[in-house]
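Good morning, colleagues. I would like to take you through the aromatic contacts and the internal space of one model.

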Amino acid sequence: AMATPAGEDADADAEAKERDAAYALSCRIKFIVDTPEKVWGHLDEGQLHEAAERFVRAGDVYAKVDAASRSRFPLLRHQWPLVQKLRGEIERRADGAIAEAECGIEVAAAALATLALMDESVTAPALLSRWLEARCEATARAVRGADTASGEGIASVLAAAASHTREALSSAYALLATDGDNLAARVKTLAAAPFVDLPAANEQAQTLLERSEALASRLQPPELPAVQVACEAFVGKAKVALGEAAGPLLAALETPLELAAVEKEGLEISAIAAECDPVWAPARQGLLADSAADQSARSPWTLLFDEPFTSRAMALVESSLQGLACHDELVATCEALTEADAARPWADPWLVGDSSNEPGSSERQPLLGARVAELVSSFDQQLGSIFDGAAGLLIEGCSAHRRAVLPAHSRAACGRAIASLTKTCQRLIADATAVCLPGQPSGPARIGVERALLA
């Protein structure tokens, strides 16, 4: 029997559908087989988000391949386990990216989007916590690993830490606390991009749309108060971690002047970097509104390092005043008096001796009192240097706590140092009088000794 036109059309339609199905299957298999190469290419280029999206789409495509087709293609059976193993590498790269010392907002967005794609249960608050924790540890680790003892090097290391902390807050604000170009929007845009070179465009587009909507819903920013609480806790934790990490660096600075110079340079570097961050001003205002009474005290440097520098300044003022060289020199000079000095006339008890061995020489070495005058002048100079350093730390933008405690502590430490020096002088005058003028502990002889010593 001859085939009818209708039968021929039906056969042609069936053959066409069969060809379309075979073509669609071959495209899907090719997509899956090519995925490892594509993912590694994205990873090598630092395109974390694109690598994760390709991996997830390979899973969507594989789900469209029925069990019978999977069993007929050994290459597919061989390749799919290789695709699945990429999950661990992608997650490792994303975790590594947010653990680097340098991690700007674009890298942060890609890494967080990747983590969201890899774990379907993760939410925006969980990502925020993971991000801030990673940034705190990365920044503290960079400071702990710094190998420098120069003031310039210390300022650079600490300024970098302040910048990294600022960037962490800016990224948290832009990606997880605002509308517009936030993390949810970025993930949704890439997830909704159409497949290339795959048939059944409408079906695939619907799948992508549903997944992108689910992703965007899952990554909607938390309520702002919740983000504020998380960021305030992050700043508090970073202050402790960085304060401990910076301790050995600040210990290398031995005078208040050195400490003040490091803070001045670090503040300048940090301020310049902050001016280049357009997100920082709204982030600081939105996330740290209650952390300080004025804007300057909410600078990244001040937030992190005001307390360590204040503590180190107080310790240096105290130790510098206690270690004034002139005090020890005064004691050594006066204690060097010998019994030979006792034989000299009382009116001239501090002449150390003749500068010439010739009999009758009238040339003598300087009075001990002149040496004491030099030591007093040295005391004034050293004291001025200490207080110049302390004053240099009372810079604009430092905390009210520092402005209150550092001057008070410095005045008290200075009072203790002067009292100690005065007590030493009084004891030395008494001791020297007893050595050089035995039997005349008071009266005109003692006044002569005092004048010679302290003139």
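Let me begin with a convention: in sorting residues, Ala, Val, Leu, Ile, Met, Phe, Trp, Tyr, Cys and Pro are taken as nonpolar, Asp, Glu, Lys and Arg as charged, and the others, Gly among them, as polar. Please also bear in mind that what you see is a predicted model.

I turn to the cavity, where that convention applies. Searching the whole structure yields one cavity of 30 Å³ or more. The volume of this largest cavity is about 30 Å³. Which residues line the largest cavity? They are Glu263, Leu267, Trp301, Thr302, Asp306, Ile395, Gly397, Cys398 and Arg402. Two elements, helix H11 (256-275) and helix H13 (300-322), each give two or more residues to this lining. The largest share, three residues, is supplied by H13. How does the lining divide into nonpolar, polar and charged residues? Four are nonpolar, two are polar and three are charged.

One of the lining residues, Trp301, leads us to the aromatic contacts. Trp301, Phe305 and Phe309 together make up one aromatic cluster. Both Trp301 and Phe309 can be described in terms of burial. Trp301 has a relative accessible area of 1% and is buried. Phe309 is likewise counted as buried, at 0% relative accessibility.

For the whole model, the count of aromatic pairs is three. Consider the pair of Tyr62 and Trp80: the ring centres are 4.0 Å apart and the planes meet at 5 degrees, so this pair is stacked. The cut-off behind that step is that planes under 30 degrees apart count as stacked. Where do the two partners lie? Tyr62 belongs to helix H2 (residues 48-63) and Trp80 to helix H4 (residues 74-98), so their pairing ties together parts that are 18 residues apart in sequence. Are Tyr62 and Trp80 buried or exposed? Tyr62 is buried, and Trp80 is buried too.

The pair of Trp301 and Phe309 has another geometry to report. Here the ring centres are 5.6 Å apart and the planes stand at 55 degrees, so the pair is tilted.

Finally, I come to charges over rings. Tyr62 appears again, for Arg70 lies over the face of its ring, 4.1 Å from the ring centre. Arg54 is placed over the face of Phe31, at 3.7 Å from the ring centre.

Thank you for your attention.

Note on methods. Residues numbered from 1 in each chain as written. Predicted model: local features only at pLDDT ≥ 70, side-chain atom pairs only at ≥ 80, totals over all residues. Heavy atoms only, no water. Phe/Tyr/Trp six-rings, centres within 6.5 Å; stacked < 30°, edge-to-face > 60°. Helix = DSSP H or I, 4+ residues; strand = E, 2+ residues; numbered from the N terminus. Buried < 20%, exposed > 50% of the residue type's maximum accessible area, 1.4 Å probe, protein only. Lys NZ or Arg CZ within 6 Å of the ring centre and 35° of its normal. 1 Å grid on protein atoms, 1.4 Å probe; cavity = no way out; pocket = protein on both sides within 12 Å on 5 of 7 lines; lining within 4 Å. Points joined across faces, edges and corners; volume = space filled by probe spheres on them.
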